[in-house]
Amino acid sequence: MRFHIMTLFPDMVTNGLSESITGRAIESGLIEVSATDIRDFADNKYRHVDDYTYGGGAGMLMQPGPVVDCYESICDGIKERGGKDKPRVLYMTPAGTPFTQSMAEEFAKEEDLVILCGHYEGIDERALELIVTDNVSIGDFVLTGGELPAMMIVDAVSRLIPGVLGCDESAVYESFYDGLLEYPQYTRPKEYRGMEVPEVLLSGHHANIEKWRHEQALLRTRERRPDLYEAYMKDHTKQ
Ligand code: SAM
């Protein structure tokens, strides 16, 4: 899978993703991450890509020209490699749909995913209208730029690509996989500062362990995410 990131800070994205599991996935060729500098498409020698907003208001806005030119150059590259004419383009924005695991699963089906990072006050609406297929938020707060959100999307999607995690099972029994948060987990030592590992996990009785984990997942979800719990119960009680 190939991620194409449109950004004013390409090093931030490539450096951040070059570590740990995403770094190994890039090295082994399971994913490709390219970050294109939108400033390379500026129409002036100062490489300025922002300007004042029409109608007044604080802050600067990214101009449509460099964004759309950058997108078209990425599309040319995708087409040359046999990809879609119009790839999926995610715009990172606090005004988008909150990112979820099921969106990550959907994005993981794409061959090419273009991710657009805004900065300053954001991007001229006309550029967004022309190229964006999905507006995605990573939460109800405002960051200075879309680079961290883009890295989060690449991370969450990459770990669903077969081979990226050491063991494919790891992505299967995690929080959100079946609509519940993950149950508590323990490793050695058996006792730590007077706290014991729950007896059932040492029993070797797989059915009891599964039952305990499911109960714990339900309890944790009810306590921490009543919204998810309610949706899960609705789904699992209707006939
Ligand atoms: N004026 C914009 C608004 O009120 O919706 C916020 C612009 S923000 C300061 C600059 C950029 O950071 C955005 O264009 C977006 O790419 C990114 N960003 C900030 N918060 C985000 C969030 N919660 N999710 C995704 N992207 C975000």
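Trainee: Which residue's side chain makes a polar contact with the side chain of Thr-7?

Mentor: This is a predicted model, where local features need pLDDT of at least 70, side-chain atom pairs count only at pLDDT 80 or more, and totals for chains, interfaces and linings use all residues. Side-chain values use heavy atoms, leaving out hydrogens and water, and residues are numbered from 1 along each chain as its sequence is written. A polar contact is a pair of N or O atoms within 3.5 Å; within protein, one must be able to donate a hydrogen and the other to accept it, and residues adjacent in sequence count only if both atoms are side-chain atoms. At 2.6 Å, the partner of Thr-7 is Glu-147.

Trainee: Is Thr-7 buried or exposed?

Mentor: Thr-7 is found in strand E1, and strands (E, at least two residues), like helices (H or I, at least four), are DSSP runs numbered from the N terminus. Its side chain also reaches the backbone nitrogen of Phe-9 at 2.7 Å. Buried means under 20% relative accessible area, exposed over 50%, partly exposed in between (1.4 Å probe, protein chains only). With 0% relative accessibility, Thr-7 is buried.

Trainee: And Arg-81, which residue does its side chain pair with in a polar contact?

Mentor: Arg-81 sits in the loop between helix H3 (64-80) and E5, and it's partly exposed at 47%. Skipping neighbours within four places in sequence, it is in contact (heavy atoms within 4.5 Å) with Arg-2 and Glu-32. The side-chain pair, at 2.9 Å, is with Glu-32.

Trainee: Which element gives the largest share of the largest nonpolar core?

Mentor: A nonpolar core is a set of buried Ala, Val, Leu, Ile, Met, Phe, Trp, Tyr and Cys residues joined through side-chain atoms within 4.5 Å. The largest one has 25 residues, and Phe-3, Ile-5, Leu-90, Phe-107, Ile-115 and Ile-153 touch the most other members. Elements giving two or more residues to this core include strand E1 (2-7), strand E6 (112-117) and helix H6 (147-158). With six residues, the largest share comes from H6.

Trainee: Why would nonpolar side chains gather like that?

Mentor: There's a general habit behind it. In soluble globular proteins, nonpolar side chains tend to be buried together.

Trainee: Which strand gives the most residues to the shell around the ligand?

Mentor: The 20 residues around the ligand each have a heavy atom within 4 Å of it, and Tyr-91, Met-92, Gly-118, Glu-121 and Phe-141 come nearest. Two strands, E5 (88-98) and E7 (134-137), each supply at least two residues of the shell. Contributing four residues, the top one is E5.

Trainee: How much of the ligand's surface does the protein bury?

Mentor: Start with the backbone: an N or O atom of Met-92 lies 2.5 Å from a ligand oxygen, and one of Phe-141 lies 2.8 Å from a ligand nitrogen. Accessible areas come from the Shrake-Rupley method with a 1.4 Å probe; for residues, only the protein chains shown count as cover. Taken alone the ligand exposes 580 Å², and the buried part of that is 84%.

Trainee: Zooming out, what share of the residues in the chain is buried?

Mentor: The chain has eight helices and nine strands, and its C-alpha trace spans about 70 × 45 × 40 Å along the principal axes. Out of 239 residues, the buried share is 39%.
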